[in-house]
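Hi there,

Here is the structure I promised to pass on. Have a look at it first, and then read on for what turned up.

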Amino acid sequence: MTKASDEEVEEESNNTEQSPSRYEASTSTRISYNWREAEKLSLAKYLEKKNLHQSNVITEAKLTTQFHGVDPVSNIQPIYDAYYREHDNEVFIEFRPNRGMPIMYRDRLYVMLSKISHYKATKNVNAHLELVLMNVPEEESSRIGSFDRILESFEPAIASGLLRVSEIDFNEQELAEIQR
């Protein structure tokens with residue numbers, strides 16, 4: 001596992017940047033959030049909840065080149081928001097706003113899970129993706145059921161433990177910190 005270069009992170013960020021929902025586009029009074037800052041805050045909260053120190057975590061992680069070619073289908077190397085080892089388990093973390101998800105995100109999630117599955121088989125280790133949904137009160141109406149529909153596609157991964165889903169909430173002060 002290695003840290004992705006700044007260029008790789010920027011490219012990944014540009015490719016996966018979420019397009020605004022219809023509601024955001026039509027409403028000028030809508031509160032806008034800096035999702036990059038929200039990810040940083042979420043990581044800090046996640047580490048505190050798991051009682052992990054930042055030094056034990058690789059942020060913006062990708063699989064090393066020694067695993068290039070293990071996947072018989074593609075050489076895509078997704079960048080995970082974070083990675084850490086805990087006992088005999090390796091955990092890849094992806095933070096996402098908990099709101100309406102573009103269908104393209106389903107494909108990205110599939111690639112991330114596929115890579116972890118190949119990694120598990122090759123290294124013969126326990127590993128999973130922890131998808132951490134970042135909850136924002138204003139987004140609640142747009143998220144009802146939308147992400148659940150995408151996750152239905154990944155029931156086998158959830159059942160096998162390859163995909164785990166958790167949520168992080170922000171208090172009023174934290175929301176103010178991540179506003180644009």
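Which residue follows α4, and what is the sign of its phi? The residue is N124, and its phi is positive, near 55°. Please keep in mind throughout that this is a predicted model.

Let me stay with α4 for a moment. The helix covers residues 103-123, 21 residues in total. From the first C-alpha to the last it reaches 31 Å, close to the 30 Å expected at 1.5 Å a residue. Its buried residues are Y105, R108, L109, M112, L113, S114, K115, I116 and Y119. Together with β4 and β5, α4 makes a β-α-β unit, and that unit is right-handed.

Now to the strands on either side of that helix. β4 (residues 89-97) and β5 (residues 126-135) pair in the parallel sense, with nine bridges between them. Two places to click on are E94, which stands opposite L131 in β5, and R96, whose bridge partner in β5 is L133. β5 also pairs with β6 (residues 163-169), again in the parallel sense, over seven bridges. There, L131 has V165 in β6 as its bridge partner.

The other neighbour of β4 is β3 (residues 80-86), and here the two strands run antiparallel, joined by five bridges. Y84 has V91 of β4 as its bridge partner. The hairpin of β3 and β4 has two residues between the strands, and H87 takes a positive phi near 55° in it.

How enclosed are these strands? Nine of the nine residues of β4 are buried, so the strand is largely enclosed by the rest of the structure. Both of its faces are covered: N89, V91, I93, F95 and P97 are buried on one side, and E90, F92, E94 and R96 on the other. For β5, nine of the 10 residues are buried, so this strand is largely enclosed as well.

On to the packing. In soluble globular proteins, nonpolar side chains tend to be buried together. The largest nonpolar core in this model has 23 residues, and those touching the most other members are F92, L109, L113, L129, L131 and L163. The elements giving two or more residues to this core are β3, α4, β5 and α6 (146-152). Its largest share, six residues, comes from α4. If you would like one residue to start from, try F92: leaving aside residues up to four places away in sequence, F92 touches M1, L63, Y80, A82, Y83, I116, Y119, A127, H128, L129 and E130. Apart from the largest core lies another, of 21 residues, among them Y33, Y46, A82 and I178.

Finally, a word on α3 (residues 35-50). Its end C-alpha atoms are 22 Å apart, which agrees with the 22 Å that its 16 residues should span at 1.5 Å a residue. At the start of this helix, a side-chain oxygen of N34 comes to within 3.1 Å of the backbone nitrogen of R36. Just after the helix, N51 has a positive phi of about 60°. W35, A38, E39, L41, S42, L43, Y46 and L47 are the buried residues of α3, and what covers them includes β2 (57-62), β3, β4, β5, β6 and α8 (172-178).

Enjoy exploring it!

Best wishes

Key. Residues numbered from 1 in each chain as written. Predicted model: local features only at pLDDT ≥ 70, side-chain atom pairs only at ≥ 80, totals over all residues. Heavy atoms only, no water. Helix = DSSP H or I, 4+ residues; strand = E, 2+ residues; numbered from the N terminus. Expected span 1.5 Å × (residues − 1). Buried < 20%, exposed > 50% of the residue type's maximum accessible area, 1.4 Å probe, protein only. Pairing = 2+ DSSP bridges. Right-handed = clockwise from strand over helix to strand, strands pointing away. Core = buried A, V, L, I, M, F, W, Y, C linked by side-chain atoms within 4.5 Å. Contact = heavy atoms within 4.5 Å. Polar contact = N/O pair within 3.5 Å; in protein donor to acceptor, adjacent residues only side chain to side chain.
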